[in-house]
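Subject: Structure handover

Hello,

Here is the structure for you to take over. My notes on what was found follow below it.

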Amino acid sequence: MIRSYFTETGWELRAMFREYPLWIPIVLLPSLLFLLYGVLAKHTGTPSNYEVFRSFAAMITVESMASGIFSIGVGISADRQGGVLRLKRLYPLPPGTYMVYKILSRMLLFYMSIFLLSLLLLASGWTPSFSDWVEAVIYAVLGVAPFSALGLTIGLFSGSVSAASGIANIVLMFLGFVSGVFISLHSLPGFLQRMSIIWPCHQVYILCYTAISGNQNRNAIILHLSILSLETIALFLIVGYKWRRLPL
């Protein structure tokens with residue numbers, strides 16, 4: 001059974017890497033942004049360690065979002081439109097194989113981006129402790145789960161690749177702005193600041209930033225992880241509901 005998951009993941013990776021115009025921007029964009037705001041800006045004397053760590057936490061959150069929401073959402077929609085999803089559902093595979101290998105294959109994009117971002121963080125001169133870096137990466141990895149569920153939802157409910165691409169971009173940009181990832185929460189209206197706690201990207205960003213900066217608060221960590229877990233479960237329940245009702 002386990003071999004089936006890895007076999008399907010291997011085939012998915014081969015297909016994914018042929019679509020280099022899709023995955024290269026997903027991997028490189030966070031690193032390019034961090035290069036501008038975290039590395040090159042440091043040599044002008046403008047950013048502090050707070051700003052560098054904030055940029056790093058924001059970019060690994062963005063990569064976690066893009067790998068799940070955009071890459072998975074568009075990929076599943078393409079499979080639906082091309083008939084691949086229907087064919088996969090007819091195969092005698094273990095339960096959940098399709099969703100598992102989609103998530104595992106996209107995780108590789110995430111790890112590639114984390115590697116590039118970590119090299120740039122070293123180049124910035126503001127180097128956290130190894131344990132803080134590991135903890136931040138673990139939180140970002142956990143964050144892939146709700147974003148993957150959100151991407152699965154978009155892919156299963158959208159009718160075409162173009163629709164999935166448009167919806168995924170809108171969702172990604174909306175969540176990035178209202179959660180304080182793209183801009184500071186203090187720039188948003190008061191009611192949006194109070195609502196930020198409900199967005200999964202806000203949980204991931206805060207967890208990553210507090211870890212990388214060494215400002216962990218145990219009670220806050222438990223709260224953010226609890227909210228993130230509940231949101232992940234809710235999204236996967238929606239995915240399971242839609243999956244069971246897809247026509248063969």
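On the surface, Leu29, Leu33, Leu36, Tyr37 and Leu40 make up a nonpolar patch, and together they have about 490 Å² of accessible area. Please keep in mind that this is a predicted model.

One member of that patch, Leu40, sits in helix α2, which covers residues 20-40. Leu40 counts as partly exposed because its relative accessibility is 44%, and partly exposed is the class between the buried limit of 20% and the exposed limit of 50%.

Next, the aromatic rings. There are 9 aromatic pairs in the structure. One of them joins Tyr98 and Tyr101, edge-to-face, with 5.4 Å from centre to centre and 75° between the planes. That pair counts as edge-to-face because planes over 60 degrees apart fall in that class. Both tyrosines belong to helix α5, residues 97-124, where Tyr98 and Tyr101 are 3 residues apart, or about one turn of the helix. Are Tyr98 and Tyr101 buried or exposed? Both Tyr98 and Tyr101 are buried.

A second edge-to-face pair is formed by Phe177 and Phe182, at 5.2 Å centre to centre and with 80° between the planes. Phe177 has a relative accessible area of 36%, so Phe177 is classed as partly exposed. Phe182 is also partly exposed, because its relative accessible area is 27%.

Which residues do ring pairs link into a cluster with Tyr98? The cluster consists of Tyr98, Tyr101 and Trp243.

Two charged side chains also sit over rings. Arg14 lies over the face of Trp11, 4.7 Å from the ring centre. Lys242 has a similar place over the face of Phe157, with 5.0 Å to the ring centre.

Last, a note on Thr7. Thr7 is part of helix α1, residues 2-18. With a relative accessibility of 37%, Thr7 is in the partly exposed class, because 37% lies between the two limits, 20% and 50%. How far apart are Thr7 and Phe34 in space, C-alpha to C-alpha? The distance is 35 Å, while in sequence Thr7 and Phe34 are 27 residues apart.

Regards

Terms used. Residues numbered from 1 in each chain as written. Predicted model: local features only at pLDDT ≥ 70, side-chain atom pairs only at ≥ 80, totals over all residues. Heavy atoms only, no water. Phe/Tyr/Trp six-rings, centres within 6.5 Å; stacked < 30°, edge-to-face > 60°. Helix = DSSP H or I, 4+ residues; strand = E, 2+ residues; numbered from the N terminus. Buried < 20%, exposed > 50% of the residue type's maximum accessible area, 1.4 Å probe, protein only. Lys NZ or Arg CZ within 6 Å of the ring centre and 35° of its normal. Patch = residues over 30% accessible without salt bridge, like charges linked within 9 Å, V, L, I, M, F, W, Y side chains within 5 Å. Areas by Shrake-Rupley, 256 points an atom, 1.4 Å probe, with all protein chains shown as cover. Salt bridge = Lys/Arg side-chain N within 4 Å of Asp/Glu carboxyl O.
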